[in-house]
Amino acid sequence: MLIAPSVLSSDFSQLGNEVRRMDLCGADWIHLDVMDGHFVPNLTFGAPVIRAVRGFTEKPFDVHLMIDEPLRYVPDFLDAGADIITFHIESQSDTEKTLEAIRAGGAKPALSVKPGTPAQALFPYLDKLYMVLVMTVEPGFGGQSFMEDMMEKIRVLKARRPELLIQVDGGINPSTIRTAAQAGADVCVAGTSVFKAEDAAQAIRDLKAAAGQK
Ligand code: DX5
Ligand code: ZN
């Protein structure tokens with residue numbers, strides 16, 4: 001299981017150092033939550049902040065766009081150093097065009113579904129995706145509870161396309177990661193359970209151990 005700590009739960013006054021700390025603690029990817037205050041009821045940061053912390057690690061930057069118009073901002077995130085760009089199928093941008101813009105810019109495209117959106121909505125795009133992100137909370141805030149009933153989406157997607165990477169985001173801890181792993185998840189985002197832990201390296205090791213061999 002790959003672990004992608006979400007800097008949403010980090011100390012924003014030390015963002016660069018927090019990114020470096022996660023690298024040293026064993027993070028596989030760094031998850032960066034971009035929120036525009038429209039698509040979700042919260043605001044975080046945009047491409048300039050991502051660019052500012054890009055030099056603090058060589059680990060992949062996994063950028064999760066929770067914004068109305070991802071297509072409009074894809075060039076900025078490519079330029080800022082994003083390696084994987086995930087956007088929501090519920091956003092207003094044309095899905096095909098947005099996937100193509102990400103790929104043409106040299107990053108890996110991924111699509112996400114909110115809890116209320118069925119996995120089947122992703123079917124037309126599966127062969128163009130590097131990864132699918134199944135949200136296990138309503139996007140917008142860290143520290144919410146894991147929605148176990150989202151596991152069926154993982155099973156449906158894995159059955160349809162076994163080689164597709166599946167990421168899970170929201171409410172991940174040593175107990176819920178086990179459930180996600182059993183359903184077939186490959187990458188788990190973890191905010192609170194890693195950043196608020198006394199020992200983040202141990203927290204990442206615990207998550208990996210709980211997920212088992214994968
Ligand atoms: C929620 C974000 C998540 C969030 C997860 O909208 O997409 O990445 O940071 O935080 P935890 O792990 O605390 O649920
Ligand atoms: Zn996220």
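Visitor: How many aromatic pairs does a search of the whole structure find?
Guide: The search finds 2 aromatic pairs, counting rings of Phe, Tyr and Trp (its six-membered ring) whose centres lie within 6.5 Å. This is a predicted model, in which local features need pLDDT of at least 70 and side-chain atom pairs count only at pLDDT 80 or more, while totals for chains, interfaces and linings use all residues. Residues are numbered from 1 along each chain as its sequence is written, chains are lettered from A and ligands numbered from 1 in the order in which they are written, and side-chain values use heavy atoms, leaving out hydrogens and water.

Visitor: Why is the pair of F12 and F45 called edge-to-face?
Guide: The ring centres are 6.0 Å apart and the planes stand at 70°, so the pair is edge-to-face, the class for planes over 60 degrees apart (under 30 is stacked, the rest tilted). F12 lies in the loop between β1 (2-5) and α1 (15-24), and F45, 33 residues away, in the loop between β2 and α2 (47-53); these are DSSP runs numbered from the N terminus (helices H or I, at least four residues; strands E, at least two).

Visitor: What makes the approach of G140 to an oxygen atom of ligand 1 a polar contact?
Guide: A backbone N or O atom of G140 lies 2.7 Å from that oxygen, and a polar contact is a pair of N or O atoms within 3.5 Å. The side chain of S6 also reaches a ligand oxygen, with an N or O atom at 2.8 Å.

Visitor: How much of ligand 1 does the protein bury?
Guide: Taken alone, ligand 1 exposes 380 Å², of which the protein buries 99%, with areas from the Shrake-Rupley method and a 1.4 Å probe.

How values were computed:
Polar contact = N/O pair within 3.5 Å; in protein donor to acceptor, adjacent residues only side chain to side chain.
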